[in-house]
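Open your viewer and get ready to click along. We will go from stop to stop, choosing a selection each time and looking at what is there.

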Amino acid sequence: MTLAPKSARANLLWMLGLTAVVVAVFWIVDGALSAAIVGAWLGAFVAMMHFGRKRSEAVKIMGGMGDERIRTLSTRALAFAGGVMAFALPATWLASVLAEDENYAVAALAAVFATSFIGAAIVLEQRG
């Protein structure tokens with residue numbers, strides 16, 4: 001069960017498409033300068049991810065494309081990042097509650113995270 005593209009070309013197209021959407025949103029909301037700055041940063045990141053996978057094991061692992069070892073390490077890295085987010089989201093929400101400025105967006109993200117984790121566990125358990 002993966003949402004990641006399976007080829008370098010598909011991965012590049014996915015990243016460029018997402019970059020275009022983000023740049024368009026920034027252009028609409030904050031103007032051309034803001035969109036250009038965000039586009040430059042995202043373009044640099046996309047270039048680093050696309051061209052860097054040939055030079056860096058870490059970038060290969062982040063991309064998750066490769067042999068079984070790379071895919072396993074990618075899964076482990078995602079599991080670690082998920083564990084960090086499982087702590088960070090509720091902690092951020094509780095801090096906002098303590099500050100008497102409850103952040104419902106963070107609460108919603110925590111709920112999405114928890115629901116997706118539970119759903120993935122159920123689906124993966126069924127696949128056995």
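Two residues count as being in contact here when they have heavy atoms within 4.5 Å of each other. Keep that in mind, and keep in mind too that this is a predicted model.

**Stop 1: helix H1**

Select residues 8–30, which make up helix H1. How far apart are the end C-alpha atoms of H1? They are 32 Å apart, which agrees with the 33 Å that its 23 residues should span at 1.5 Å a residue.

Now colour Asn11, Met15, Thr19 and Val23, the buried residues of H1. What do the buried residues of H1 pack against? Their partner is H2. The spacing of such a set is worth a thought: an α-helix has 3.6 residues a turn, so residues three or four places apart point the same way.

Zoom in on Thr19, one of the residues of H1. Is Thr19 buried or exposed? Its relative accessible area is 11%, and the cut-off for buried is under 20%, so Thr19 is buried. Leaving out residues up to four places away in sequence, Thr19 touches Leu42 and Val46.

**Stop 2: from H1 to H2**

Step just past the end of H1 to Gly31, where phi is positive, at about 100 degrees. Then add helix H2, residues 32–52, to your selection. H2 has 21 residues and reaches 29 Å from its first C-alpha to its last, close to the expected 30 Å.

Turn the view until you can see both helices side by side. The axes of H1 and H2 come within 8 Å and cross at roughly 165 degrees. H1 and H2 are therefore roughly antiparallel to each other. The crossing in which H1 passes H2 is right-handed.

Show side chains where the two helices meet. On the H1 side you will find, among others, Leu12, Met15, Leu16, Val22, Phe26 and Trp27. On the H2 side, the residues include Ala35, Val38, Leu42, Val46 and Met49. What kinds of residues make up this contact? They divide into 14 nonpolar, four polar and one charged.

Next, pick out the buried residues of H2: Ser34, Ala35, Val38, Gly39, Val46, Met49, His50 and Gly52. What covers them includes H1 and also helix H3, residues 57–63.

**Stop 3: helix H4**

Move on to residues 68–98, helix H4. H4 has 31 residues and reaches 45 Å from its first C-alpha to its last, close to the 45 Å expected at 1.5 Å a residue. Colour its buried residues, Ile70, Ser74, Gly82, Leu89 and Ser96. These buried residues pack against H3 and H5.

Two of them deserve a closer look. Ser74 counts as buried, at 9% relative accessibility. Which residues is Ser74 in contact with, leaving aside neighbours within four places in sequence? The answer is Ile61 and Gly64.

Leu89 is also found in H4, and it is buried with a relative accessible area of 11%. Try your distance tool between the C-alpha atoms of Leu89 and Thr75: they are 14 residues apart along the chain and separated by 21 Å. Not counting residues up to four places away in sequence, Leu89 touches Val106, Leu109, Ala110 and Phe113.

**Stop 4: H4 against H5**

Add residues 104–127, helix H5. H4 and H5 pack at an angle of about 150 degrees, with their axes 9 Å apart. That makes H4 roughly antiparallel to H5. Their crossing is left-handed.

Where they meet, Gly82, Met85, Ala86, Leu89, Thr92 and Trp93 in H4 face Val106, Ala107, Leu109, Ala110 and Phe113 in H5 by contact. The residues of this contact divide into nine nonpolar, two polar and no charged.

**Last stop: Glu100**

Finish in the loop between H4 and H5 by selecting Glu100. Is Glu100 buried or exposed? With a relative accessible area of 75%, Glu100 is exposed. Check its backbone as well: phi is near 55 degrees, a positive value in a residue other than glycine. For background, most residues other than glycine have a negative phi.

Definitions and conventions:
Residues are numbered from 1 along each chain as its sequence is written. This is a predicted model: local features need pLDDT of at least 70, side-chain atom pairs count only at pLDDT 80 or more; totals for chains, interfaces and linings use all residues. Side-chain values use heavy atoms; hydrogens and water are left out. Axes are lines fitted to C-alpha atoms, for helices over the stretch in contact, and angles run from 0 to 180 degrees between N-to-C directions. Helices (H or I, at least four residues) and strands (E, at least two) are DSSP runs, numbered from the N terminus. Angles under 35 degrees count as roughly parallel, over 145 as roughly antiparallel, 65 to 115 as roughly perpendicular and the rest as oblique. A crossing is left-handed if the near helix is turned anticlockwise from the far one by less than a right angle, and right-handed if clockwise. Ala, Val, Leu, Ile, Met, Phe, Trp, Tyr, Cys and Pro count as nonpolar, Asp, Glu, Lys and Arg as charged, and the others, Gly among them, as polar. The expected span of a helix is 1.5 Å times one less than its number of residues. Buried means under 20% relative accessible area, exposed over 50%, partly exposed in between (1.4 Å probe, protein chains only).
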